[in-house]
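User: I'd like to go through the labels on this model and hear what earns each of them. Can you set the values against the cut-offs for me?

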Amino acid sequence: YGGYVIHVYDTEIFDCTYGIGSFSGCSDIRFDNCNMHDNSELTMLDFNNCYDMEFTDCVFTHNVSNMGSYGASPFVQTTDGGTVNFNKCTFSENEYAGFKGSDNIETHNCTFNDRELGFG
């Protein structure tokens, strides 16, 4: 909450049970060359009132976005903030109800081999 200049690189994030990360009131968020795998529950990446967010050369594998009895949730969600950019990222064998939970999420030169579950 309220973080600025958050730069994460060459890191592995795995086995988390409330998604990969939740950010609120943050800016200048960068993930470079990270491997994020085998995470579950809720939305994988959730941004609330955040700006200047970018993921480059990251790999997302075997992550499952769901809300328990409420069904699947989106992989990425933004609320009241800027655009999240994914550049040259790979998404493989993830499960979710739609990749984008909002309109201000952009992918550039990314590859997808995922499974959309639908809601409910």
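Analyst: Here is a run through the labels, starting with what the values rest on. This is a predicted model, so local features need pLDDT of at least 70 and side-chain atom pairs count only at pLDDT 80 or more, while totals for chains, interfaces and linings use all residues. Residues are numbered from 1 along each chain as its sequence is written, and side-chain values use heavy atoms, with hydrogens and water left out.

User: Why is the contact between D52 and R30 called a salt bridge?

Analyst: The term asks for a side-chain nitrogen of Lys or Arg within 4 Å of a carboxyl oxygen of Asp or Glu. In D52 and R30 the closest N and O atoms are 3.2 Å apart, so the pair qualifies. D52 sits in strand β7 (residues 51-56) and R30 in strand β4 (residues 27-32), so the bridge ties together parts that are 22 residues apart in sequence. Strands here are DSSP runs of E, at least two residues long, numbered from the N terminus.

User: What makes D28, R30 and D52 one network?

Analyst: Shared partners. R30 also forms a salt bridge with D28, with the closest N and O atoms 3.7 Å apart. Salt bridges with partners in common join D28, R30 and D52 into one network.

User: How buried or exposed are D52, R30 and D28?

Analyst: Buried means under 20% relative accessible area, exposed means over 50%, and partly exposed is in between, using a 1.4 Å probe and protein chains only. D52 has 41%, so it is partly exposed. R30 and D28 are both buried.

User: How many salt bridges does the structure hold, and what are the details for R115 and E95?

Analyst: The structure holds 3. R115 and E95 meet at 3.4 Å, N to O. R115 lies in strand β13 (residues 111-116) and E95 in strand β11 (residues 90-96), so parts 20 residues apart in sequence are tied together. E95 has 25% relative accessibility, so it counts as partly exposed.

User: Why is the ring pair F60 and F75 called edge-to-face?

Analyst: Rings of Phe, Tyr and Trp (its six-membered ring) pair if their centres lie within 6.5 Å; planes under 30 degrees apart count as stacked, over 60 as edge-to-face and the rest as tilted. F60 and F75 come out at 5.7 Å centre to centre with 85° between the planes, so edge-to-face is the right label. F60 is in strand β8 (residues 59-61) and F75 in the loop between β8 and β9 (76-79), so the pair ties together parts 15 residues apart in sequence. F60 is at 0% relative accessibility and counts as buried; F75, also at 0%, is buried as well.

User: What are the values for F60 and F86?

Analyst: F60 and F86 are edge-to-face too, at 6.1 Å centre to centre and 75° between the planes. This pair links distant parts of the chain, with F60 in strand β8 and F86 in strand β10 (residues 84-87), 26 residues apart. F86 is buried at 0% relative accessibility. A search of the whole structure finds 18 aromatic pairs, and one aromatic cluster includes F60, F75 and F86.

User: Which residues have the most contacts inside the largest nonpolar core?

Analyst: A nonpolar core is a set of buried Ala, Val, Leu, Ile, Met, Phe, Trp, Tyr and Cys residues joined through side-chain atoms within 4.5 Å. The largest has 26 residues, and F31, M36, F47, F55, F60, F75 and F86 have the most contacts inside it. β4, β6, β7, β10 and β11 each supply at least two of its residues.

User: How do you know that β6 and β9 pair?

Analyst: Two strands pair if DSSP finds at least two bridges between them. Strand β6 (residues 45-48) and β9 are joined by 4 and run parallel, so they pass. One example is N48, whose bridge partner in β9 is T79.

User: What makes β3 and β9 edge strands?

Analyst: The open sheet has 3 strands in the order β3-β6-β9, with parallel pairing. β3 (21-24) and β9 each pair on one side only.

User: And how many bridges join β4 to β1 and to β7?

Analyst: Strand β1 (residues 4-9) and β4 are joined by 5 bridges and run parallel; V8 has F31 as its bridge partner in β4. β4 and β7 are also parallel, with 5 bridges, and R30 stands opposite E54 in β7.
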